Amino acid sequence: MLATCKHRRHGFLRSDIKEYTRETVSMKDTPLSNCERDFILKAIEEKKRLDGRQTYDYRKIKITFGTDYGCCFVDLGQTRVMAQVSCELVVPKESRPNEGIMFFNLELSPMASPAFEQGRQSELSVKLNRQLERCLRNSKCIDTESLCVVSGEKVWQIRVDVHTLNNDGNLMDAASVAAIGALCHFRRPDVSIQGEEVTVYSPEERDPIPLSIYHMPISVSFAFFQQGTFLLVDPCEREERVMDGLLMIAMNKHREICSIQSSGGIMLLREQVMRCSKIASVKVSEITELINKALLNDKAARKAGGRCGFAESMPQERITALKTDQTAVEMTDVGETASSIVQTAEAPPQTVPSPSVPVPGVGQVGEVLRNTWGLEEEEEEEEEDGGESSGGDSVEEVTKMDVEQHQGDKSRTVDVVEILDSDEEEDEVVILYPETTKKPKNTASSSGQKGAGTSRKQKKK
Amino acid sequence: MAVDMRLPTVKNSMSLSHSAADRKDLVVPGDVITSDTGFMRGHGTYVDEDKLTASVAGEVQRVDKLICVRPLKTRFNGEVGDVVVGRITEVQQKRWKVETNSRLDSVLLLSSVNLPGGELRRRSAEDELTMREYLQEGDLISAEVQSVFSDGALSLHTRSLKYGKLGQGVLVQLSPSLIKRQKTHFHNLPCGASIILGNNGFVWLYPTPGQQEEEAGGFYTSLEPVSLSDREVISRLRNCLLALAAHKVLLYDTSVLYCYESSLQHQVKDVLKPEVMEEIVMLTQQKLLEHES
C-alpha cells in the first residue's frame, strides 16, 4: 500500500497515507440516513418500535441444540449465535491448583455483518468478550472445583466458543443465552483415578457427565435514547445505531445480579436502574424457563432415539413455487352478487377493544359472532396443544371444548348466554343466529381454537 | 385496515427482443472463456492452466487481443467527469468523506467546494473549523468526479452552481450499471419533478425549484413544505424507477418519462406490484423501440 502512495501525484501528509491504508482493509457499514434516524427516534418518542413490539418485549427466542453435546444455537429474532463447549485436560493455574479453568471466546465473524472483520479485535468484540467473561466466570455459575482431576497437575479446562452468525442487534443477550445453554447441555468425559493412574473414559465406555451448574446468569440489555428519557429492551440493529447508551444487567432467576454494565456515557437515575433490574428479573425468569424447556425437549428426543440436532431443526419441506397458471374467473355479475350478499347479511359485531386472558389455555367458548382471535399473543398459541387442526371434528377437540365450557360455566355471570353441551353437536353446521343459544361450533373450532382468549365474562364481573 | 391479497401464479417472463445481435456472451465465475493463449487477459479474468477463465459474472468483451469481463453487478467504478450523488460519512481535516457506492469512500476536498457567497479565496483556518456548517455527516450532495486516485478512490468537486447540497427529495439506490452515460444527468421532467441520475446508481428525485435564486453556490436548502401534487409525482417516479430497475432497463430521462406515462393508469402504490411492474415495463420497452426506429 505504501508503495503505491509514492507514485501518487498529489502531495499527501503521512497521516493521510496512514488513513488510506487503514481504510482499504475494512468495510464500513452503510451510513444511516438522517431521515431514518429521525424517524426511529420520533417513533420511540411515541412509544412505537419498528417491528411493532412493546417497550419491554423481547423478540422471539428459539433455542436448538446440535448433535454433539455442548452445541447450542440461539435465534433472537434475526440475531443468530452459536456456542460450542469443549474440554481438555491441562495443568491448573499455580494460584488455584484445585480449580478447573474456564475460557471464553466470542468471535464476531464477517458472516454476521459486513462491518465485522475476520481476525481483527474490534472494540465491540473486546467489549462483548469482557462482558461474557464477567457474566459467566465472575458469577461462579459453574463449580470449578468439581473440574479438578489431580490437584496441582490435571484439571479440566472448559472452553466456550461463541460465534456470531447474524447480527440484528443485541448480540450480548443472545451470546449469554447460547453460552449458558451450551454449558448446561455439555457432557464431559468421565474420569477415574486409581492411585497414580488417571483413566479418561471415552463416551462409548462410560456415559459422559454433565457439568455442575449452580445457577444460570442471563444478560438483559436496555437501550437508552434522548439522554435517558426513553428506554427499550432488546434493541434491534437499527435501534442500536441510534441509541445513546446501553445498560446490560446479568441476573439469574433467583434475582441475584451477576454483572451490571453501562456503556455509552449516559447518566442514569437510581430509579431507572432499579426499574431496569426489576424488568430484568422478569425477563430472566422467562428466558430461564425457555432454556430449561429446550433442554428437556432435547433430552427427551435423545432418549427416544429420535433425530436431534441442528440439521433436524431446519424446516425441509417447503413450498417454494406454485405451478398452477392463472385461472380466469367470471366477473361480470360480481358486483351485483356482492351487494346482494351484503344487504342480506347481518351487521358485523362490535369487536372487543382489548380482551384479557385470565389463564393461559382458556379458549373462547364461542359466543355469538364475537371474533377475538387474532388479538392474543403468539405464546398462547404455542401453549395450546397442536391438536387443533382446522375444522377437525376430533375427539380431543370436543373434550377441549368441554373443558373450556366448564371453565366458562364456573365464571359465568347472570347475563351470559347459555351454552349447550358440545357432545351432541357433531355436524359441521355453523349457526350464526344470535337468538339461538347454540354456539357456533365450527367458527370456534376451525380457526378460533388457537388460544382465542376472551374473557368477556371476567370483564363483566 | 384493508389488505390486498392475491395468490401467486406462474409468471410468464417475456422479453421483447430476441435478435441475434442482442445475444450477449454471459459467463459466471469459473467459466472458461477460451483456451487460445494468444489473448491478453483484462479485468475480470485469470489464467488457470493456460485457459482464460472468468472471475466475475458478466459479459465478455473483446477488443482486438484483449479480453475482459464486464460484471453485471458491481460497485461504482468512477471516471473523470461522472456525476455522482453521495452521502457525507465523515468530516475530517480539510476534507469530507463521501459514500458513493464504490469500493472506497470518495473524497471531497475543502478546496474543491464553492464557499457560500461564491467568492474565490484561499481557504483559511476559519474555513476549516466551520466545515461542519456547510456539510455534516448524513448530508446528501451532488458532485462531479475530478480525478481518480491510484487506489481507485474518487476525488469529487462541487465547483459549479448546479452541484452542492441536496435539499428535500427522495433518494433511490440502484445498480450503477443501469444508468446510461449521457451528456447531462440533471433533468427537469415535464411531469413536474426533477431528477439527478447519478452515475453511481444513486438517483435523486426532487420538486422542480421555482423561480427562487440559489444563493451560496448550492448550500442553501429550502425547507418550505412541498405540495401534495409534487409529492405524488415524486412517489410515482420512484416506483417507476424501481420497476425499471427490477427489469434491468437502462435508465435515462426518456425511459423514465415513458415509464411514468405508462404508469398513469394505475395507482401509485399499485405500481409496486410485480404484475403491474411487468405491464408497465413492457409498455415502456415498446415505446422505446418505436422511438428508436
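**Exercise 1.** Which residues of chain B does UniProt list for "domain: Exosome complex component N-terminal"? Work out what the span looks like in this predicted model.

*Solution.* Start with the record: the unreviewed UniProt entry gives residues 26-63 of chain B. Next, look at the geometry of that stretch. Its end C-alpha atoms sit 16 Å apart, and the span is 55% strand with 0% helix.

Now for the sheet. β1, β6, β7 and β3 of chain B line up in the order β1-β6-β7-β3 as an open sheet with mixed pairing. β1 (26-27) and β3 (40-41) of chain B have a single partner strand each, so they stand at the edges and one side of each lacks a neighbour in the sheet. For a specific pairing, take β3(B) and β7(B) (residues 66-71): they run parallel and share two bridges. R41(B) has I67(B) in β7(B) as its bridge partner.

**Exercise 2.** Where does UniProt place "domain: K Homology" in chain B? Describe the span, then find the hairpin formed by β15(B) and β16(B).

*Solution.* The record, again an unreviewed entry, puts the feature at residues 169-208 of chain B. The end C-alpha atoms of this span are 10 Å apart, and its make-up is 48% strand and 0% helix.

Then go to β15 (residues 186-189) and β16 (residues 193-197) of chain B, which pair antiparallel over four bridges. One checkpoint is H187(B), whose bridge partner in β16(B) is I195(B). Three residues separate the two strands of the hairpin, and G192(B) in the turn has a positive phi of about 115°.

**Exercise 3.** Which residues touch the most other members of the largest nonpolar core? Trace what surrounds one of them.

*Solution.* The core has 64 residues, and the winners are L183(A) and F222(A). Helix α5 (residues 171-185) of chain A is the top contributor to this core, giving eleven residues. Now pick L183(A) and skip its neighbours within four places in sequence: its contacts include V85(A), M102(A), L136(A) and I142(A), and also I158(A), V160(A), L211(A) and I213(A). A separate core holds 30 residues, among them L189(B), I234(B), L251(B) and V276(B).

**Exercise 4.** D234(A) and K94(B) both deserve a phi check. Is each one buried, partly exposed or exposed?

*Solution.* First, the background: most residues other than glycine have a negative phi. D234(A) has a phi near 55°, a positive value, and K94(B) has one near 65°, also positive.

Second, locate them. D234(A) is in the loop between β12 (230-233) and α6 (237-242) of chain A. K94(B) is in the loop between β8 (83-92) and β9 (95-99) of chain B.

Third, apply the cut-off: buried means under 20% relative accessible area. D234(A) comes in at 0%, so it is buried. K94(B), at 48%, counts as partly exposed.

**Exercise 5.** Which elements of chain A have the lowest and the highest mean pLDDT? Use the answer to judge where to read the model with care.

*Solution.* Begin with the whole chain: mean pLDDT for chain A is 76, with 67% of its residues reaching 70 or more. By element, helix α12 (residues 441-448) of chain A is lowest at 39, and α5(A) is highest at 95.

Then scan for low stretches. Residues 376-428 of chain A stay under 50, although the model has 81 contacts for them beyond four places in sequence. Residues 435-461 of chain A also stay under 50, with 79 such contacts.

Methods:
Residues numbered from 1 in each chain as written. Chains lettered and ligands numbered in written order. Predicted model: local features only at pLDDT ≥ 70, side-chain atom pairs only at ≥ 80, totals over all residues. Heavy atoms only, no water. UniProt positions renumbered as here; feature names shortened; annotations may be inferred. Pairing = 2+ DSSP bridges. Core = buried A, V, L, I, M, F, W, Y, C linked by side-chain atoms within 4.5 Å. Buried < 20%, exposed > 50% of the residue type's maximum accessible area, 1.4 Å probe, protein only. Contact = heavy atoms within 4.5 Å. pLDDT = per-residue confidence, 0-100.
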